[in-house]
Amino acid sequence: MTSVPTIDLNDGRSIPQLGFGVFQIDPDETAEAVSAALEIGYRHIDTAEMYRNERGVGEGVRASGLDRADVFVTSKLNNGAHRPDDARRAFEGTLSALGFDYVDLFLIHWPLPTLYGGDFVSTWKALEEFHRDGRARSIGVSNFQVDHLERLAAECDVVPAVNQIELHPYFLNDEVHAYGQAHGIATQAWSPIAQGAVLDDPAITAIGDKLGRSPAQVVLRWHIERGNIVFPKSTTPERIRENFQLFDFALEPGDAETIDALDQGEPGRTGPNPDAFAPTPA
């Protein structure tokens, strides 16, 4: 079975660089999709409270027959639970839904700087509690901008282990990515293929034709070679398997630069801007 590289985190732990994402997978289909991914060889599953499929993730892990310690599981705090007591209850809910006594990584899903008086610091300090008591082996953030990260650095004790951000060839998110590199915060890339938008790009397809690989494999390999942690999602076994087949080829000289040159800056963003995003689902 292919061995997935790991990324060392700043807390002494490590994370598989390639994972399986369950965003927008129906809760009733999640267990089967997770089981298929684990059978193929994935050992890193990324979910969130807001995806409403944590239960299916836990069921899929248990159905796989793998030891819990062999599967790295990430979840994220619901936007409606940023107040510390709410965060504590929400985290208990995550553990209950998964059926685990710990998660490998727990993230603040969005900074929500326009809500809760802009106080994501107290939320982060609640996550520090989960880290200290061992129920969250690592903690991190998602969609945090540089000024958000600098505020945590100034007011908190623990540096996030990861920052999960939108990052793909049309949106390199360079400022946030560079800050993470400079401060030992690993970058996880969500929307790694720009919701499919990059797959028809002539530059991507030309590289794929040259290498005999699909456009998705080209872009995911680009992420791997950049040092990003990435977790494509699919419910199709063939596509789940294809997305795992990234370690028996490499981009050729000049390919990465060609893909980097597709960056459009802020206009290339496919998701919301974290400075303005403020939904709080129950």
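**Legends: the whole chain, then Thr94**

**View 1. A chain with over half its residues tucked away: 54% of the 282 residues in the protein chain are buried.** This is a predicted model. Its secondary structure adds up to ten helices and ten strands. As for contacts, take those between residues at least 6 apart in sequence: 75% of them join residues at least 24 apart.

**View 2. Overall dimensions of the protein chain.** Measured out along the principal axes, the box filled by the C-alpha atoms is roughly 55 × 40 × 35 Å. The radius of gyration is 18 Å, and since a compact globule of 282 residues would come in near 19 Å, the two agree.

**View 3. Surface and charge.** The protein chain exposes about 11600 Å², with carbon and sulfur atoms supplying 47% of that area. On the charge side, there are 23 positive and 43 negative side chains. The centres of these two sets sit 5 Å apart.

**View 4. Thr94 in its helix.** Zooming in, Thr94 belongs to helix H3, which spans residues 84-98. Is Thr94 buried or exposed? Its relative accessibility is 0%, and the cut-off for buried is under 20%, so Thr94 counts as buried.

**View 5. Who touches Thr94?** Set aside the neighbours within four places in sequence, and Thr94 is in contact with Glu49, Glu54, Ser75, Val103 and Phe106. So which residues should you look for around this buried threonine? Glu49, Glu54 and Ser75 are among them, and Val103 and Phe106 complete the list.

Note on methods
Residues numbered from 1 in each chain as written. Predicted model: local features only at pLDDT ≥ 70, side-chain atom pairs only at ≥ 80, totals over all residues. Heavy atoms only, no water. Helix = DSSP H or I, 4+ residues; strand = E, 2+ residues; numbered from the N terminus. Buried < 20%, exposed > 50% of the residue type's maximum accessible area, 1.4 Å probe, protein only. Contact = heavy atoms within 4.5 Å. Rg over C-alpha atoms; globule rule 2.2 N^0.38 Å. Areas by Shrake-Rupley, 256 points an atom, 1.4 Å probe, with all protein chains shown as cover. Lys, Arg positive; Asp, Glu negative; His and termini not counted. Charge placed at Lys NZ, Arg CZ, Asp CG, Glu CD.
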